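Student: I should like to learn how to read the features of a structure that is new to me. Could we go through one together?

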Amino acid sequence: MNQARRETLSDISQKLDDLRSQIEEVLNEEEEAFSNMPESFQNGDKGESAQNAIDNLQQSISSLEDAMTTLEDASQ
């Protein structure tokens, strides 16, 4: 792979890292909101919805990290 394509992949990886950081911020906010819910809400529909959102955000972060690793491997 030539240098120009490596730089392009590096730029893409940086953008993915920025997105990962933004998602982590939302995840932290959602986790805090869940923690601050009364226990009765945590065990109800609102808590289940929040937990589903947390799980999906964690999966999104993991997927972005996998993509970044794959791009790094491709650029070598």
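The dialogue below takes up the helices and then some single residues.

Tutor: Please note at the outset that this is a predicted model.

Student: How is the packing of two helices described in general?

Tutor: A pair of packed helices is described by the angle between their axes together with the distance between those axes. Here, the axes of helix H1 (residues 3-36) and helix H3 (residues 45-74) come within 9 Å, and they cross at roughly 160 degrees. Angles over 145 degrees count as roughly antiparallel, so H1 is roughly antiparallel to H3.

Student: What is the handedness of the crossing of H1 and H3, and how do the residues of their contact divide?

Tutor: H1 and H3 cross in a left-handed manner. The residues of the contact of H1 with H3 comprise 18 nonpolar, 5 polar and 6 charged.

Student: What span should H1 have, and how far apart are its end C-alpha atoms?

Tutor: At 1.5 Å a residue, the 34 residues of H1 should span 50 Å, and the end C-alpha atoms of H1 are 49 Å apart, which agrees. For H3, the 30 residues should span 44 Å at that rise, and its end C-alpha atoms lie 43 Å apart, which also agrees.

Student: Which residues of each helix are buried?

Tutor: A general idea helps first: an α-helix has 3.6 residues a turn, so residues three or four places apart point the same way. In H1, the buried residues are Leu9, Ser13, Leu16, Arg20, Leu27 and Phe34. They pack against helix H2 (39-42) and H3. In H3, the buried residues are Gly47, Ala50, Ile54, Leu57, Ile61, Leu64, Met68 and Leu71, and these pack against H1 and H2.

Student: Is serine 13 buried or exposed, and why?

Tutor: Buried means under 20% relative accessible area. Serine 13 has 18% relative accessibility and therefore counts as buried. This residue lies in helix H1. Leaving aside residues up to four places away in sequence, serine 13 touches Met68 and Leu71. Both Met68 and Leu71 are among the buried residues of H3.

Student: What is the relative accessible area of glutamine 14, and what is that of threonine 69?

Tutor: Glutamine 14, found in helix H1, has a relative accessible area of 42% and is therefore partly exposed. Threonine 69, whose place is in helix H3, is partly exposed with a value of 44%.

Student: How far apart in space are threonine 69 and leucine 19, and how far apart are glutamine 14 and asparagine 43?

Tutor: Threonine 69 and leucine 19 are 50 residues apart in sequence, and their C-alpha atoms are 15 Å apart in space. Glutamine 14 and asparagine 43 are 29 residues apart along the chain, and their C-alpha atoms are separated by 38 Å.

Key: Residues numbered from 1 in each chain as written. Predicted model: local features only at pLDDT ≥ 70, side-chain atom pairs only at ≥ 80, totals over all residues. Heavy atoms only, no water. Axes fitted to C-alpha atoms, helices over the stretch in contact; angles between N-to-C directions. Helix = DSSP H or I, 4+ residues; strand = E, 2+ residues; numbered from the N terminus. Parallel < 35°, antiparallel > 145°, perpendicular 65-115°, else oblique. Left-handed = near helix turned anticlockwise from the far one by under 90°. Nonpolar A, V, L, I, M, F, W, Y, C, P; charged D, E, K, R; others polar. Expected span 1.5 Å × (residues − 1). Buried < 20%, exposed > 50% of the residue type's maximum accessible area, 1.4 Å probe, protein only. Contact = heavy atoms within 4.5 Å.
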